[in-house]
Amino acid sequence: MYSERLRGIKSSAIRDILKLMSRPGMISFAGGLPAPELFPVSELAACADAVLKKYGSTALQYSVTEGITPLREKIAAMLDPDRARLTAENVIITQGSQQALDLLAKVFIDPGSRVLTENPTYLGALQTFQLFQAKVTAIESDSNGLDPALLKKHLAQDKPRLVYVMPNFQNPTGLSYPLERRKVLAKLAREHDVVLIEDDPYGALRFEGERLPTIFSLAESRNVVYLSSFSKTIAPGLRIAYAAGDPELLKKLVIAKQGTDLQTNTFGQYIVNEYLESGFYQKHIDLVSRSYRERRDGMLVALERYFPASASWVKPAGGMFFWVRLPAGADASALLTQCIEHNVAFVPGVEFYPDGSGRNTMRLNFTNATQAEIEDGMRRIGDVLKANGL
Ligand SMILES: Cc1ncc(COP(=O)(O)O)c(C=O)c1O
């Protein structure tokens, strides 16, 4: 009854874990959810009001598939402040970055096509690539991102259609690529004429250090498609995100989007456009980043206080996650079952590894819990780890 492409595709483990989270007293470090108390509710209400007054029924009508032009222009200006390279033609609006991944998969993947990813990688991307029957090869990373020698080897050997990377505060590891590694990837994408997807929903949530150029800006070629989203910087329920790239390539995504949903919701695009115009956006990013840095610091203290000495982690300089490595042989999935009995949850790292490795790793989100919940939840997990002799 069901299509070939659905065979063997599992429901997302994270979405399944999230279903348990409504239990009373449950503390969840599982989802990649922003802090709801920071959503700019009254500013968005003011923007919605202003939009209806300014644009009236236009803001409620069908619109073009690419997205509304003023929003595309603002995004081009954000990505390229001196406007040397980019115009609205280089940007399309998508229904979340997840849709951009889906459209890229539709445009570039045939059954059996190769896709190269980091190992571990973002679960939602894996699910999309698998739905289009890609063969995913996950390439080992060092602490600076994808290993260039291995990438080069796989580019030559596998002739992939897509390479998928997250150079800022990667989901799940929290790691970022230094400038040199970004340059190497830009060069390799051009030399091998492969499309590299640079997925960057977390780059604006930086707690310390300098913001680095995107691979997209370094590549100056049609081989890089840059994705980002207002999900983590305004609110995910808006479902407003974008893809930036070569206009010819974007035209193909637009054809795919026509068949998917005609367009991203007009009203939401106008609201985000108004929000950017009002000057709220940068102030809000500063506020959110400050709050998330405090929560990151709170989780770091709790890790040091409650987790056994056998566990290790790297302090992330931004984003939403700690990535914890337990001793070889530890099974984070079995530990999760016990943790859920103690009303606390995380995501077992194995879910993010296309090759099924990483059973001894775990991802902990610090943005959707209060300091008190972080303290309490981390103590509970620490007790479970110690009770298991770790
Ligand atoms: C790396 C990455 N890409 C894309 C997405 C999808 O985000 P959205 O569709 O809300 O823009 C997420 C969400 O967590 C993510 O972590």
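Ala328 is exposed, because its relative accessibility of 77% is over the 50% cut-off. In this predicted model, Ala328 sits in the loop that runs between strand S11 (321-325) and helix H12 (332-341). Its C-alpha atom lies 24 Å from that of Phe169, and the two residues are 159 positions apart in sequence.

## Nonpolar surface and cysteines

Met1, Tyr2 and Leu6 together make a nonpolar surface patch of about 470 Å². Leu6 belongs to the segment before helix H1 (13-19). With a relative accessible area of 42%, Leu6 counts as partly exposed, since this value falls between the limits of 20% and 50%.

Two cysteines may be set beside this patch. Cys47 is buried, at 3% relative accessibility, and Cys339 is buried as well, with a relative accessible area of 0%. A search for disulfides across the whole structure finds zero.

## The nonpolar cores

In soluble globular proteins, nonpolar side chains tend to be buried together. Here, the largest nonpolar core contains 50 residues, and the members that touch the most others are Phe29, Phe307, Leu364, Met378 and Ile381. At least two residues of this core come from each of H1, helix H11 (280-306), S11, H12, strand S12 (344-345), strand S14 (361-365) and helix H13 (371-387). H11 supplies the largest share, which amounts to seven residues.

Which residues does Leu364 contact, when its neighbours within four places in sequence are left aside? The partners of Leu364 include Phe29, Phe307, Met378 and Ile381. Also among them are Met299, Leu303, Met320, Phe321, Phe322, Val324 and Phe346. Apart from this core lies another one, made of 45 residues, including Leu146, Leu155, Leu188 and Ile271.

## Strand S3 and helix H5

Thr117 is found in strand S3. Its relative accessible area is 0%, so Thr117 is buried. Beyond its neighbours within four places in sequence, Thr117 is in contact with Phe129, Val136, Thr137, Ala138, Ile139, Leu146, Tyr164 and Pro354.

One of these partners, Phe129, is also among the buried residues of helix H5 (residues 123-131). The other buried residues of H5 are Leu123, Gly124, Ala125, Leu126 and Thr128. Just after H5, Gln133 adopts a positive phi of about 65°.

## Salt bridges

Side chains of opposite charge can pair when their charged atoms come close. The structure holds 20 salt bridges, counted with a limit of 4 Å between a side-chain nitrogen of Lys or Arg and a carboxyl oxygen of Asp or Glu. Three of them are listed below.

| Salt bridge | N to O distance |
|---|---|
| Lys53 and Asp49 | 2.8 Å |
| Glu277 and Lys74 | 3.0 Å |
| Asp110 and Arg161 | 3.1 Å |

Why are Lys53 and Asp49 separated by about one helical turn? The two residues are four residues apart in helix H2 (residues 41-55), and therefore about one helical turn lies between them. Lys53 is exposed, at 64% relative accessibility, whereas Asp49 is partly exposed, with a relative accessible area of 41%.

The salt bridge of Glu277 with Lys74 ties together parts that are 203 residues apart in sequence, because Glu277 lies in helix H10 (residues 266-277) and Lys74 in helix H3 (residues 69-79). Glu277 is partly exposed, with a relative accessible area of 44%.

The pair of Asp110 and Arg161 also links distant parts of the chain, the residues being 51 apart. Asp110 is placed in the loop between helix H4 (96-108) and strand S3 (114-119), while Arg161 is placed in the loop between helix H6 (148-158) and strand S6 (162-165). Asp110 counts as partly exposed at 41% relative accessibility, and Arg161 counts as partly exposed at 35%.

Some salt bridges share partners, and through them Lys54, Lys74, Glu274 and Glu277 are joined into one network. The bridge between Glu277 and Lys74, with its closest N and O atoms 3.0 Å apart, thus connects two members of that network.

Notes: Residues numbered from 1 in each chain as written. Predicted model: local features only at pLDDT ≥ 70, side-chain atom pairs only at ≥ 80, totals over all residues. Heavy atoms only, no water. Buried < 20%, exposed > 50% of the residue type's maximum accessible area, 1.4 Å probe, protein only. Disulfide = S-S within 2.5 Å. Patch = residues over 30% accessible without salt bridge, like charges linked within 9 Å, V, L, I, M, F, W, Y side chains within 5 Å. Areas by Shrake-Rupley, 256 points an atom, 1.4 Å probe, with all protein chains shown as cover. Core = buried A, V, L, I, M, F, W, Y, C linked by side-chain atoms within 4.5 Å. Contact = heavy atoms within 4.5 Å.
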